[in-house]
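Q: Could you walk me through this one? I'd like to start with how its strands are arranged.

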Amino acid sequence: MARQNDSLANFGATTNNVLTLTLADTAYSLSATDMAPAFCMVQNVGTSPVYVRLTSNTGGAGVSTSNYTLILAAGSTAADGQGGTLNLAGFTEELSFLSTTAGQKVNISYSGRQGD
């Protein structure tokens, strides 16, 4: 019999990172962990929109926001829980983030391997 809530079976090994963004691309690699996270959530915990690209982008400062996959909405105040979220369970590549306001923050949490 399969375990109930199988995707959270390894939840005790959750990794949590808060990235502070600059005006250039800020990359984060899930591939370095050599896993397909069963749980992976990205949230904007800042007060300005954050542009997300589901690949690395090494364009540097002044990169256009028009080449991004999606936009995570901002919260009213920092870390108020109202910022946009993105569920990326199973995603194993690099992410790129961009904000037009320096110092914005993105929270990335992941846990487990799919199938474990």
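A: A definition helps at the start: two strands count as a pair if DSSP finds at least two bridges between them. Keep in mind as well that this is a predicted model. With that in hand, there is an open sheet formed by four strands, which follow the order β1-β8-β3-β6 with antiparallel pairing.

Q: Ok, and which strands stand at the edges?
A: Those are β1 (15-20) and β6, and each of them has a single partner strand, so one side of each is left without a neighbour in the sheet. From one strand to the next, the twist averages 15 degrees.

Q: How many bridges are there between β3 and β6?
A: There are three bridges between β6 and β3, which covers residues 39-44, and the two strands pair in the antiparallel sense. In this pairing, Val42 has Leu86 in β6 as its bridge partner.

Q: And what about β3 with β8, how many bridges there?
A: Here the antiparallel pairing runs over six bridges, with β8 spanning residues 105-111. For Cys40, the bridge partner in β8 is Tyr110.

Q: Switching topic, where is Glu93?
A: Glu93 lies in a loop, the one that connects β6 (85-87) with β7 (94-98).

Q: So is Glu93 buried or exposed, or something in between?
A: Its relative accessible area is 45%, and because exposed means over 50% and buried means under 20%, Glu93 counts as partly exposed.

Q: How far apart are Glu93 and Leu30 in space?
A: Their C-alpha atoms are 5.5 Å apart, although Glu93 and Leu30 are separated by 63 residues in the sequence.

Conventions. Residues are numbered from 1 along each chain as its sequence is written. This is a predicted model: local features need pLDDT of at least 70, side-chain atom pairs count only at pLDDT 80 or more; totals for chains, interfaces and linings use all residues. Side-chain values use heavy atoms; hydrogens and water are left out. Buried means under 20% relative accessible area, exposed over 50%, partly exposed in between (1.4 Å probe, protein chains only). Axes are lines fitted to C-alpha atoms, for helices over the stretch in contact, and angles run from 0 to 180 degrees between N-to-C directions.
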